[in-house]
Each structure stands twice: as structure tokens, then as C-alpha cells.
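The exercises below are each followed by a worked solution that goes step by step. Please have the sequence and the coordinates open while working through them.

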Amino acid sequence: MLLEWSDRYDHLREVTRDDVLAHLETVQGAQRQTTIIALRSLFGRAKKNGTIFENPTSRIRVGQREEGVIQPLEPGHINGSVAAVTHPADRLILALAAVHAARPAAMRRLQLDDLNIGNRRLSIDGRTRPMDELTLQVAQKWLEFRHRRWPDTANPHLLINKHTALGTGPIGKSSVAGPAPHRQTATLERLRMDRQLEEALAHGPDLLHLAEVFGLSEKTAIRYANSARALLEQAAEHSTSP
């Protein structure tokens, strides 16, 4: 598609709505959905950067969605998980999932050097981001606890326990977050999903942005973009209905 357009045009701003519709007629089902979402993201980013003046994908509907819409968590569910977790390590893990959408495996890989308290920066799987006040506070409390409990440990991992403090390896899968959040509606996985959905709602259903911020695959980014777009459309319908 883009190669075909490059044979006819010298710049993206020459692509018209008719060009987009003509190509969409050649694809069906999930492929059509993937195509229009990818094009919306591409042209949306180009317009935002001033590369183009008009977005040719505007007002072109995605069509029927095959997957269910991801719903945001209720505040009460989030508060329940926060109240259920008291250990400093578990509170940090909860913040990493709820604020930074970090996966358990990524949390287990975190090194002490990935946490820069002075500059308020946090690196997760090579992606460095600002550290919010909540994450900063729980991280400081965990580091204080970690130093008091295992002052002589040589383990470079940020998260350790009584077993890994004697070596240099990461904590086990079962140690991530402890048992408390798993009895709540807002589990680590749901908190992580809620954070990614929140980003899609706040910045628009831009799959390139989601992939860049969270390192999501194309398929996963499309699902969050779809859900955000559906929720935004529902909100718009409710706001304009009598």
C-alpha cells in the first residue's frame, strides 16, 4: 500500500481519502481493521508533527470489532488492592504495574542501577521514563527496608528476598507482589492493562505511541487503540444524546 502510493506520490500529504477508501476495499475483516488503525496512527502522527495538513483517514470507521472492549477498573477495585498490600516490596511492585504497566518478568529483571532516585528516572527493559511521586516514595521505602534487612547483600537486582539476598539471581515468579493482590479484582495484570488503557484514552488511540511508551507488539497496541476508541465514541454519544 505505502509502496504503491510512493510510486504515484512524492509526499504523504498527497494521499487522499479516496486513496485510503480504495485500498480498504481490497481487504476484509481483521486485516481491514488492522490496516485502518495503522493508517490512522501513521497519518495522525504525521499531522501532529506538521508533516501533513489533513488526515485522509478522518471519519473512516473501523467497523465491527472482533475482540471485546477492555473496560477501565473501578476506583474501588484499585483502592482494594492498594489497601491489601503492606510489604514495602509488594507496594513497589504494585506501583510498577499500576503506574508504569511493568510486567512481572520485567520487574524481576530490574537492577538497582535502573532506579535513579536523584534524577527521578526509572528504566524498565531499556525504556527510561520519569518517576512519579508515588513510585519515588514507595521505591525509597523499599530501598531503606532492603538496606536494613540485607545490608551486605551483593545481589544487583532491585527486588530481592531472603533467598536471593544470598546470591545474585532474581526473585521467583511466585514472589512478585505476594498473594494479596491475587485475591482482589485489581490484580497486577488488570492494573497493568488499566494503565495502558488510560494512556490510550489520555493521548488518543495512537498505536505507535502505545508501542513506543510500553513496548507493546502491534497486535496488542491495536487492541488497546480499539478499546480506547470505542470508549471515547461511547462517551461522545452519551454527551450529545438528549
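**Exercise 1: Leu-92**

Leu-92 has a relative accessible area of 1% and is therefore buried, in a model that is predicted. Determine in which element Leu-92 is found and which residues Leu-92 touches beyond those up to four places away in sequence.

*Solution.* Begin with the secondary structure, where Leu-92 is found in helix α5. Next, set aside the residues up to four places away in sequence, after which Leu-92 is seen to touch Val-138, Ala-139, Trp-142, Leu-158 and Leu-159. Finally, for a C-alpha separation, take Met-131, which is 39 residues from Leu-92 along the chain and whose C-alpha atom is 12 Å from that of Leu-92.

**Exercise 2: His-100 and the packing of α5**

Decide whether His-100 is buried or exposed, and describe how the axes of α5 and α8 are arranged.

*Solution.* His-100 lies in helix α5, which covers residues 88–100. The relative accessibility of His-100 is 5%, and because buried means under 20%, His-100 counts as buried. Leaving aside neighbours within four places in sequence, the contacts of His-100 include Leu-122, Ile-124, Asp-132, Arg-195 and Phe-214.

For the helix pair, two quantities are needed, since two packed helices are described by the angle between their axes and the distance between the axes. The axes of α5 and helix α8 (residues 188–203) come within 6 Å and cross at roughly 30°. Angles under 35 degrees count as roughly parallel, so α5 is roughly parallel to α8. On the α5 side the contact is made by Ile-93, Leu-94, Ala-97, Ala-98, Val-99 and His-100, which meet Leu-188, Leu-191, Arg-192 and Arg-195 of α8. Sorted by character, the residues of this contact are 7 nonpolar, 1 polar and 2 charged.

**Exercise 3: The sheet and the loop before β1**

Work out which strands stand at the edges of the sheet, and then characterise Leu-112 by its accessibility.

*Solution.* The sheet is open, with 3 strands in the order β1-β2-β3 and antiparallel pairing. The strands β1 (115–116) and β3 (127–130) each have a single partner strand and stand at the edges, so one side of each lacks a neighbour in the sheet. Between β1 and β2 (residues 121–124) the antiparallel pairing runs over 2 bridges, and Leu-115 has Leu-122 in β2 as its bridge partner.

Leu-112 lies in the loop between α6 (104–109) and β1, and at 30% relative accessibility Leu-112 counts as partly exposed. Among the contacts of Leu-112, leaving aside neighbours within four places in sequence, are Leu-143, Arg-146 and Leu-158. The C-alpha atoms of Leu-112 and Leu-158 are separated by 4.6 Å, although the two residues are 46 residues apart along the chain.

Notes:
Residues are numbered from 1 along each chain as its sequence is written. This is a predicted model: local features need pLDDT of at least 70, side-chain atom pairs count only at pLDDT 80 or more; totals for chains, interfaces and linings use all residues. Side-chain values use heavy atoms; hydrogens and water are left out. Helices (H or I, at least four residues) and strands (E, at least two) are DSSP runs, numbered from the N terminus. Buried means under 20% relative accessible area, exposed over 50%, partly exposed in between (1.4 Å probe, protein chains only). Contact means heavy atoms within 4.5 Å. Axes are lines fitted to C-alpha atoms, for helices over the stretch in contact, and angles run from 0 to 180 degrees between N-to-C directions. Angles under 35 degrees count as roughly parallel, over 145 as roughly antiparallel, 65 to 115 as roughly perpendicular and the rest as oblique. Ala, Val, Leu, Ile, Met, Phe, Trp, Tyr, Cys and Pro count as nonpolar, Asp, Glu, Lys and Arg as charged, and the others, Gly among them, as polar. Two strands pair if DSSP finds at least two bridges between them.
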